[in-house]
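Biologist: Could you take me slowly through one helix in this chain, and then through the residues with an unusual backbone angle? I am new to this, so please explain the terms as you go.

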Amino acid sequence: MVTSQPNPSEPTWQAVIRLLRWNKPAGRLILMIPALWAVFLAAEGTPPVLLVGVIILGSLATSAAGCVVNDLWDRDIDPQVERTRDRPLASRELSIKIGIVVAIVAFACAGILALYLNPLSFGLSVAAVPVIIGYPLAKRVFPVPQLVLSIAWGFAVLISWSAAASHLETATWILWGATVLWTLGFDTVYAMSDREDDRRLGVNSSALFFGDRAAEAVALFFLATAGLLIWEGIRLNLTLPFWIAVAIAVVLWSWEYLQLRQKDIPRSTYGQIFGQNVWIGFVLLAGMIAGILG
């Protein structure tokens, strides 16, 4: 068993920042992106500034809470995984009590922000909490836990769309499907870097489930994402900038697939592909805004 030693020179507040993963903005931004997709499309490109602010802060608080819950569940597993052994709860730099308090505060912040939303959006926010809390458990009992995470990500679309439009419609569910499949794709890539550790520890992941066909599964998820985005664009009569953004995304996803097919991929490549999807998400967001206003 690999053990980690706490860093006595690091102030507690810095350890809390790492616990919340605010030192790694890519993971925070990639949750924010589908929420912004939804609010701009539902509001036809001009959502209220205050609502956008609430959604941004809410996504930050929610993702932070999810990270802490995940680390609480995995505090005895993370020390045995190279990528996660230095996390504050895994290294025992922070206590379980502090972790629980931080999680409660993060959920409370998200809850306070949700009070600004309409009843439908608030109800969806509450419904998302069990999925967020249950995701780490899914890794132990469900063969494709990334699907549970993807559904949690999908709530960002439902909450934000209903907050802007006060209802859900067919276009909402198309975007929800695109978000779920996109998330399943990039999080399977992320899981590919941990395959050996997960197999040794008996932890499930989509990367293990798809095995040697993981790269093809990722390609299929991205292809289906593109198909749903095209459907969304047609349904909402989006103009040329949106189609350019989708074309750029398809090219980049194709390049990522070619990288994943190579043998002996460095672990850093998986993280780079994950980070590339943040930029892809923002390119699509820009295309959606310009495409609905154009």
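Modeller: What follows is a close look at one helix and then at a few residues outside it. This is a predicted model, in which local features need pLDDT of at least 70 and side-chain atom pairs count only at pLDDT 80 or more, while totals for chains, interfaces and linings use all residues. Residues are numbered from 1 along each chain as its sequence is written, and side-chain values use heavy atoms, with hydrogens and water left out.

Helices here are DSSP runs of H or I with at least four residues, numbered from the N terminus. Helix α6 covers residues 145-165, and because the expected span is 1.5 Å times one less than the number of residues, its 21 residues should span 30 Å, which agrees with the 31 Å between its end C-alpha atoms. Of these 21 residues, 17 are buried, where buried means under 20% relative accessible area, exposed means over 50%, and partly exposed lies in between, using a 1.4 Å probe and protein chains only.

Just after α6, S166 takes a positive phi of about 70°. Most residues other than glycine have a negative phi. R92, which is not a glycine, also has a positive phi, of about 65°; R92 sits in the loop between α3 (49-73) and α4 (96-114), and it counts as partly exposed because its relative accessibility is 45%. N237, again not a glycine, has a positive phi of about 55° and lies in the loop between α10 (214-235) and α11 (240-260), where its relative accessibility of 62% means that N237 counts as exposed.

Methods
Helices (H or I, at least four residues) and strands (E, at least two) are DSSP runs, numbered from the N terminus.
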